[in-house]
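Visitor: I'd like a close look at a single part of this model. Could you pick one strand and walk me through its surroundings?

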Amino acid sequence: MEIVIIDEPEDVGPLGADAIAQHVVANPEAVLGLATGSSPLRVYQELGARVARGELSLSRCQAFLLDEYVGLPAGHPEAYRTVIDREFCDLVDLDPANVHGLDGTAEDLLGECTRYESAIAAAGGIDVQLLGIGRDGHIAFNEPGSSLGSRTRVKTLTTQTRLDNARFFGDDFHAVPLHCLTQGIGTISSARHLVLIALGEPKAEAVHQLVEGPISALWPATALQLHPHVTVLLDPAAASRL
Ligand code: GLP
């Protein structure tokens, strides 16, 4: 695990973008894993700037989202597909047909999860996966207690995560869906390179567990200790308990 502590939070954009771009330069058809949340936003903006300057093209890449709320209709401003379109896809030259998400309105949610695993496999697996981390150590929506070998499935969000995410729903906790579809920890661990970004003191304990804690389903991100190629980008506050 490569730990990079960045003095200036804005430098996370270029460093994260470098980590993605190296895969795209090596293979213009690279398969990218995208994360929602505030942590990757600077990376998306930097990739958008590089594409706008003609320095990089994602036009032949494919992309897969990590997770999705259950029950939010297509186009809902907080559906993760909408968020990724707004925060990333609109800034770069990805072909929308090559951006894949989970359908949280599917009638057969289990079937949707199986379909998604097959789609990732058919694309050849994910080359580089961006990740944030929840303050309880969740990655994607794999909450504490998630099986470390889990694949894409339906999960129930914890009260803490719904409270944390209420800010995106007009501070209305009850508007945050109770269920989600999420790649499992086993799915995420199958990506060839993981790039996790954590910013701010509220993430410090989760980062401490991720890097120094015992591997445990109680801190799902600790599964990353077993992965051969992980890059962790931290600001000093997130790194303050290391
Ligand atoms: C949500 C997402 C996670 C993300 C987490 C942290 O729970 N499902 O993928 O890592 O939020 O978000 P942020 O980066 O805004 O702190």
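Guide: Happy to. One convention comes before the rest: two residues are in contact if their C-beta atoms, placed from the backbone, lie within 7 Å. Please keep in mind that this is a predicted model. The chain has a mean pLDDT of 97, with 100% of its residues at 70 or more, and the predictor assigns the complex an ipTM of 0.95 and a pTM of 0.97.

Let's settle on strand S9, which covers residues 193–198. How many of its residues are buried? The count is 6 of the 6, so S9 is largely enclosed by the rest of the structure. Both faces of the strand are covered. On one side sit His193, Val195 and Ile197, and on the other Leu194, Leu196 and Ala198, all of them buried.

Now for the strands that pair with S9. Strand S6 (residues 128–131) runs parallel to S9 and is joined to it by 4 bridges. Within that pairing, Gln129 of S6 has Leu194 as its bridge partner in S9. Strand S10 (residues 230–234) also pairs with S9 in the parallel sense, over 5 bridges. There, Ala198 finds its bridge partner in Leu234 of S10.

Leu196 is a good residue to zoom in on. Setting aside neighbours within four places in sequence, Leu196 is in contact with Leu131, Ile133, Leu224, Val230 and Val232. Of these, Leu131 falls in the residue range of S6, while Val230 and Val232 fall in that of S10. Leu196 also stands out in the largest nonpolar core, a set of 69 residues. Together with Leu34 and Val195, Leu196 is among those with the most contacts inside that core. As background, nonpolar side chains tend to be buried together in soluble globular proteins.

The beginning of S9 leads us to a helix. His23, located in helix H1 (residues 12–26), is in contact with His193, and also with Ala30, Asp127 and Val128, again leaving aside neighbours within four places in sequence. Is His23 buried or partly exposed? With 19 other C-beta atoms within 10 Å, His23 is partly exposed, because a residue needs 20 or more to be buried.

From His23 we can step towards the ligand's surroundings. Gly37 is 14 residues from His23 along the chain, and their C-alpha atoms are separated by 22 Å. Gly37 is one of the closest of the 13 residues surrounding the ligand, a group that also includes Ser38, Ser39, Gly132 and Gly134. By type, that shell divides into 5 nonpolar, 7 polar and 1 charged.

Notes:
Residues are numbered from 1 along each chain as its sequence is written. This is a predicted model: local features need pLDDT of at least 70, side-chain atom pairs count only at pLDDT 80 or more; totals for chains, interfaces and linings use all residues. A residue is near a molecule or strand if its C-beta atom, placed from the backbone, lies within 6 Å of it. Ala, Val, Leu, Ile, Met, Phe, Trp, Tyr, Cys and Pro count as nonpolar, Asp, Glu, Lys and Arg as charged, and the others, Gly among them, as polar. A nonpolar core is a set of buried Ala, Val, Leu, Ile, Met, Phe, Trp, Tyr and Cys residues joined through C-beta atoms within 7 Å. A residue is buried if 20 or more other C-beta atoms lie within 10 Å of its own, exposed if 12 or fewer, and partly exposed in between; C-beta atoms are placed from the backbone. pLDDT is the predictor's confidence in each residue, from 0 to 100. Helices (H or I, at least four residues) and strands (E, at least two) are DSSP runs, numbered from the N terminus. Two strands pair if DSSP finds at least two bridges between them.
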